[in-house]
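Reader: I should like to work through a structure step by step, beginning with how the packing of helices is to be read. Would you give the general idea in each instance and then the case at hand?

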Amino acid sequence: MKKLVFLIIIIFTCVPFSYAGQDGFAANSDDILRMITDPGGRAFLKIEFKVNSAKISEKAYPVVDSLGTALTSGPGDSMQVRLVGHTDSAGKSEYNRSLSLKRAEAVKNYLAVHFNIDPARIEVQGMGEDQPIVSNESAQGRAQNRRVEVINISKKYDAPKAIEELDTKNLW
């Protein structure tokens, strides 16, 4: 049983990397959409910000635009998501948690303004340095830990509603 649980955990945590680029981050809107609609429902995005700031860097606009495109097309157009901001371990933990939340909010606001996405579809959360994906020992590791994670929080289906809509009389 423990092996099965371990295998399930590995599968759900590794799925985002199966479509991602070399560094584990989604490369375009198609990658993002595949990653957030697959089992596990999450994608890692490399959205860079100004140092000690929640201002999205110009270099990061294509990534945020890809997210906007993913959330306004196909199965993404009605999807509800949670944006989770992450930082590296430099600085105080309380500051990093606050900064990561502000960064997730900045991405949410950008999507609402530039893609006309209803803000009610997007939750935000700041994790600070609490969930690194790699060690913070190197500059490269710290760079990978500074990210925004997109998690699909849409209900897969509404079971009571699906049962009501099921017309069993016409099945036979």
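Reader: At what angle do the axes of H3 and H4 cross?

Author: Two packed helices are described by the angle between their axes and the distance between the axes. In this predicted model, the axes of H3 and H4 cross at roughly 65° and come within 10 Å. The crossing of H3 past H4 is right-handed.

Reader: Which residues of H3 and H4 meet?

Author: On the H3 side they are Tyr61, Val64, Asp65, Leu67, Gly68 and Thr69, and these meet Val107, Tyr110, Leu111 and Phe115 of H4. The general idea is that an α-helix has 3.6 residues a turn, so residues three or four places apart point the same way.

Reader: How is the pair H2 and H3 arranged, and at what angle do their axes cross?

Author: The axes of helix H2 (residues 29–37) and helix H3 (residues 61–70) cross at roughly 55° and come within 8 Å. H2 and H3 are therefore oblique to each other. Their crossing is right-handed. From H2, the residues Ser29, Ile32 and Leu33 take part, and they meet Val63, Ser66, Leu67, Thr69 and Ala70 of H3.

Reader: Which residues of H3 are buried, and against which elements do they pack?

Author: Val64, Ser66, Leu67, Gly68 and Ala70 are the buried residues of H3. They pack against H2, H4 and the strands S1, S2 and S4.

Reader: Let us take Ser66 as a single case. Which residues does Ser66 touch, leaving aside those up to four places away in sequence?

Author: Ser66, which lies in helix H3, touches Asn28, Ser29 and Ile32 when those sequence neighbours are not counted. Its relative accessible area is 16%, so Ser66 is buried, the cut-off being under 20%.

Reader: Let us turn to the sheet. In what order do its strands stand?

Author: The sheet is open, has 4 strands in the order S1-S4-S2-S3, and its pairing is mixed. S1 (42–45) and S3 are at the edges with a single partner strand each, so one side of each has no neighbour in the sheet. On average, neighbouring strands of this sheet are turned by 20° against each other, direction ignored.

Reader: How many bridges join S1 to S4, and in which sense do they run, parallel or antiparallel?

Author: S1 and S4 run antiparallel and are joined by 4 bridges. Leu45 stands opposite Val148 of S4. Helix H2 packs on the sheet, where it touches S1 and S4, and its direction makes about 145° with that of S1.

Reader: What may be said of S2: is this strand largely enclosed or open?

Author: Strand S2 (residues 81–86) is largely enclosed by the rest of the structure, because 5 of its 6 residues are buried. As a general point, in a regular strand the side chains alternate between the two faces of the sheet.

Reader: How many bridges join S2 to S3, and over how many does S2 pair with S4?

Author: S2 and strand S3 (residues 122–128) run parallel and are joined by 6 bridges. Arg82 stands opposite Glu123 of S3. Between S2 and S3 the chain passes through helix H4 (residues 93–115), and this β-α-β crossover is right-handed. With strand S4 (residues 147–152), S2 pairs in the antiparallel sense, again over 6 bridges. The bridge partner of His86 in S4 is Arg147.

Reader: What is the phi of Asn116?

Author: Most residues other than glycine have a negative phi, and most peptide bonds are trans. The phi of Asn116 is near 55°, which is a positive value in a residue other than glycine. Asn116 is located in the loop between H4 and S3. With a relative accessible area of 70%, Asn116 is exposed.

Reader: Is Asp118 buried or partly exposed?

Author: Asp118, also found in the loop between H4 and S3, counts as partly exposed at 43% relative accessibility. Asp118 and Gln80 are 38 residues apart in sequence, and their C-alpha atoms are 9.7 Å apart in space.

Reader: To conclude, what pattern does the chain follow along the sequence?

Author: The pattern along the sequence is α-α-β-α-β-α-β-α-β-α, comprising 6 helices and 4 strands. Of the 172 residues in the chain, 37% are buried. Among contacts with a separation of 6 or more, 67% are between residues 24 or more positions apart.

Technical notes: Residues numbered from 1 in each chain as written. Predicted model: local features only at pLDDT ≥ 70, side-chain atom pairs only at ≥ 80, totals over all residues. Heavy atoms only, no water. Buried < 20%, exposed > 50% of the residue type's maximum accessible area, 1.4 Å probe, protein only. Helix = DSSP H or I, 4+ residues; strand = E, 2+ residues; numbered from the N terminus. Pairing = 2+ DSSP bridges. Right-handed = clockwise from strand over helix to strand, strands pointing away. Axes fitted to C-alpha atoms, helices over the stretch in contact; angles between N-to-C directions. Parallel < 35°, antiparallel > 145°, perpendicular 65-115°, else oblique. Left-handed = near helix turned anticlockwise from the far one by under 90°. Contact = heavy atoms within 4.5 Å.
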